[in-house]
Amino acid sequence: MSALRVEGLVRRLGPERRAVLDGLALRVEAGSVAVVLGASGSGKSTLLRCLAGLEGFDAGRVALGELEVEPSGYATLLGRVGLVFQSMELFPHLRVLENCTLAPRLRGESGAHVEARRWLDRLGLADLEQAWPQSLSGGERQRVAIARALSCRPAALLWDEPTSALDPERKREVAGHVAAVRAWGIPQVVVTHDSELSGALGAERYRLGGGRLEPVTAGTL
Amino acid sequence: MSVFALLASVTLAAAPPELRWGADAEGGAPYVFEQPPGHLRGFEAELAQLLAARLGRAARHVQGPFAQLLPLLERGDVDVVLNGIEATDDRTRAYALTRPYWAGPERLTVRRGDPAAPATLADLRGRRVGTLPGTLAERMLRAAGADVRTYDGGQEDPYRDLALGRTDAVLLDAPVALYYGNRPELTTLPAGFGELRYVVVARASDGRLRDALDRALGSMIDDGTLPALLQRWGLWTEEAVKVLGATGVPSVAPVELEAWRARSDTGLWAVGAGPVLSALGRGALVTLLLSVAAMVLAVVLGAALALARVYGPRPVAALALGYVELFRGTPLLLQLIVVYYGLPELGVRLSPFVAGWLALGLNYAAAEAENDRAGLLSVPRAQMDAARVLGLGRWQAVRHVIAPQAIRVSLPPVTNDFIALLKDSSLVSVVTLTELTKTYGTLAAATRDHLGLGMLVGAMYLALGLPFARLSRWLERRLTAHLEVAR
């Protein structure tokens with residue numbers, strides 16, 4: 001497995017071309033987790049969208065192991081970086097297993113089912129592979145979203161506010177999921193404002209402000 | 001099968017020996033009408049046969065709405081129009097007109113025993129008077145200052161309204177008054193007004209055909225064929241003697257007029273259920289084939305337009321929006337007439353079925369595009385992001401993630417649209433297609449049963465639409481089955 005590296009990332013938005021991300025740098029090793037904290041409007045979702053390939057950036061680069069992505073080729077990140085959406089965004093017209101196999105199948109990967117079942121199994125969803133997303137609980141949906149992302153063998157996994165859509169008792173499970181993915185050797189970035197989660201993860205923490213990431217020590221939180 | 005016959009007839013239209021004559025069979029007796037249904041009768045139907053025979057050609061009737069007969073002639077769908085067309089100065093300039101084949105007056109019909117009934121043209125000032133549009137009678141009424149009511153539906157309607165007291169009088173050509181004004185509650189004044197001359201109309205460029213028809217008419221007058229024909233229909237008038245240049249009254253009885261009056265009280269079923277039902281069946285088949293074909297076009301084109309509007313690059317989206325606004329914002333009838341009668345000016349001559357199919361399909365595509373657009377916009381934007389992050393291309397995401405969800409919103413209105421299209425397909429009679437409503441009009445004119453036949457035809461429309469309503473409910477249930485689980 002390989003690291004996720006971000007160097008000098010600049011993203012300008014709006015008519016005034018304000019730099020929401022202003023030379024941002026980040027390095028997450030395989031099997032490591034970076035927690036990104038920040039007030040709303042600080043550019044957290046812009047960062048995630050840039051890293052996932054949903055939005056372009058104006059300068060800098062994103063590297064996934066050997067692959068180095070420049071501003072002009074930002075879309076090559078699509079399909080290589082997993083993203084667990086705050087609202088999960090499962091496909092309501094597809095069953096759980098089909099949610100996980102759609103993308104690999106369209107890429108023509110043989111064994112899409114085998115790979116998907118492996119992740120569903122590991123996340124304790126083996127019995128639910130024929131269920132419709134609407135029939136699942138919030139926690140189950142999140143696990144399907146994780147399995148769907150991992151079934152595409154991403155080089156990194158991003159989380160957008162993973163506890164915000166969950167019941168209080170389910171929130172604690174999220175740290176367990178992040179830990180499990182960590183054990184599988186995938187670099188992860190968790191964007192959250194949930195201090196309980198960030199504490200439970202025991203990972204490196206950064207605060208996004210002024211378009212850059214600053215490391216957070218226990219004392220400054 | 002009549003549809004295929006229509007399609008085939010267009011490709012074979014170049015064969016010269018046919019004399020294609022245009023007339024509206026819905027107009028009725030004694031000109032051109034169907035009795036029994038599917039069998040053409042009338043003094044003009046006979047005249048067309050005789051004229052064609054003298055020209056060494058085969059007569060073929062082309063059905064068209066009365067108001068569109070001259071446009072059909074200009075379009076080249078018919079060689080001549082032979083349907084009670086009066087010789088006027090305007091027409092003399094624009095077309096090649098033959099010598100008259102009939103001449104006679106306009107006649108005034110009033111309610112029997114009405115003390116205020118008008119008796120002269122001067123009496124008509126300010127009175128409600130019924131007539132047919134675009135006729136000499138209409139021009140005379142306007143000149144007399146009457147409150148003119150015109151009827152598009154057929155020759156019976158003005159007299160029906162007069163009998164019901166909705167108008168005070170009807171002024172129409174003598175043959176119409178003779179055949180339709182002859183009701184117990186009405187009386188037609190013996191004095192005639194003005195003088196009408198019916199002529200065969202050919203294109204201005206077709207002077208040779210007109211000359212040949214003139215010679216044929218001349219020979220038919222000389223050998224007594226035309227006077228005898230007119231007399232059999234009760235149409236031999238003093239004016240005809242004078243204008244046609246014939247002599248004496250032919251020694252035949254007005255058998256056709258007598259036959260018409262003898263059957264005038266018979267209803268729908270006296271004609272025989274077989275011919276009525278087979279005529280309605282043919283009409284229903286045209287309606288169904290046309291509607292289904294047009295809906296397929298509308299759904300496919302509508303989906304493409306909606307995708308272009310929502311996901312296309314800006315110029316493509318703008319074009320799609322322009323299309324929708326244009327076709328949604330203008331009347332379907334206008335579009336039909338432009339496609340059929342207007343496009344030939346650009347060298348595009350479509351067969352009636354193709355023109356009807358295109359106009360209906362292009363028009364309804366605008367409605368389907370709006371349905372589909374609403375469906376596409378109902379899917380949360382983040383679904384597209386989720387699909388893209390998994391590595392799906394833009395169109396793959398639309399095809400596999402967005403469209404399957406959008407269709408749940410887009411589908412239910414499609415049924416409504418299909419039923420609306422089924423009804424709007426009745427407009428294609430302006431491009432000479434005889435579909436269900438036109439068949440009704442023709443049959444009702446022939447059988448004089450508007451009510452019973454109307455209910456029967458209404459039931460047929462319901463029966464045509466019902467299976468599609470059920471199909472859509474079934475599809476809707478299938479598509480939303482997984483959403484029920486959550487409740």
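# Briefing: a sheet, two helix pairs and two interfaces

In chain A, four strands build an open sheet with antiparallel pairing, ordered β2-β1-β4-β5. The model shown here is predicted. Chain A touches chain B through 19 residues on its own side and 18 on the side of chain B. Chain B is assigned three domains: domain 1 (17-100 + 203-265), domain 2 (102-197) and domain 3 (273-484).

**The sheet in chain A**

- Start at the edges of the β2-β1-β4-β5 sheet. β2 (18-28) and β5 (67-69) of chain A are the edge strands, and each of them pairs on one side only.
- Neighbouring strands of this sheet are turned against each other by 20° on average, with direction ignored.
- Strand β1 (residues 4-13) of chain A and β2(A) run antiparallel, and eight bridges join them.
- Which residue of β2(A) is the bridge partner of Val6(A)? Leu26(A) fills that place.
- Helix α1 (residues 44-52) of chain A lies across three strands: β1, β2 and β4 (59-64) of chain A. Helix α1 of chain A runs at about 60° to β2(A).

**Where chain A meets chain B**

- The contact involves 19 residues of chain A and 18 residues of chain B.
- Which helix gives the most to the side of chain A that touches chain B? Helix α2 (residues 96-106) of chain A does, with three residues.
- Sorted by class, this side of chain A has twelve nonpolar, five polar and two charged residues.

**How two helix pairs pack in chain B**

- Two packed helices are described by the angle between their axes and the distance between the axes.
- Take helix α18 (residues 436-447) and helix α19 (residues 450-479) of chain B. Their axes come within 9 Å and cross at roughly 160°. An angle over 145 degrees counts as roughly antiparallel, so α18(B) is roughly antiparallel to α19(B).
- The crossing of α18(B) past α19(B) is right-handed.
- On the α18(B) side, the contact is made by Leu436(B), Tyr440(B), Leu443(B), Ala444(B) and Thr447(B). On the α19(B) side, the residues are His450(B), Leu453(B), Gly454(B), Val457(B), Met460(B) and Tyr461(B).
- By class, this contact of α18(B) with α19(B) has eight nonpolar residues, three polar ones and no charged ones.
- Now take helix α2 (residues 43-54) and helix α9 (residues 225-232) of chain B. Their axes come within 10 Å and cross at roughly 160°. Therefore α2(B) is roughly antiparallel to α9(B).
- α2(B) passes α9(B) in a right-handed crossing.
- From α2(B), the residues Phe43(B), Glu46(B), Leu47(B) and Leu50(B) meet Thr225(B), Leu229(B) and Leu230(B) of α9(B).
- By class, the contact of α2(B) with α9(B) has five nonpolar residues, one polar and one charged.

**Domains 1 and 3 of chain B**

- How far apart do the C-alpha centres of domain 1 and domain 3 of chain B lie? They are 40 Å apart.
- The contact takes 18 residues from domain 1 of chain B and 16 residues from domain 3 of chain B.
- On the domain 1 side, β2 (33-34), β4 (58-63) and α3 (69-75) of chain B each supply at least two residues.
- α3(B) gives the most to that side of domain 1, with three residues.
- The residues on the side of domain 1 of chain B that touches domain 3 of chain B divide into eight nonpolar, six polar and four charged.

Definitions and conventions. Residues are numbered from 1 along each chain as its sequence is written. Chains are lettered from A and ligands numbered from 1 in the order in which they are written. This is a predicted model: local features need pLDDT of at least 70, side-chain atom pairs count only at pLDDT 80 or more; totals for chains, interfaces and linings use all residues. Axes are lines fitted to C-alpha atoms, for helices over the stretch in contact, and angles run from 0 to 180 degrees between N-to-C directions. Angles under 35 degrees count as roughly parallel, over 145 as roughly antiparallel, 65 to 115 as roughly perpendicular and the rest as oblique. A crossing is left-handed if the near helix is turned anticlockwise from the far one by less than a right angle, and right-handed if clockwise. Two residues are in contact if their C-beta atoms, placed from the backbone, lie within 7 Å. Ala, Val, Leu, Ile, Met, Phe, Trp, Tyr, Cys and Pro count as nonpolar, Asp, Glu, Lys and Arg as charged, and the others, Gly among them, as polar. Domain bounds come from an automatic or database domain assignment. Two strands pair if DSSP finds at least two bridges between them.
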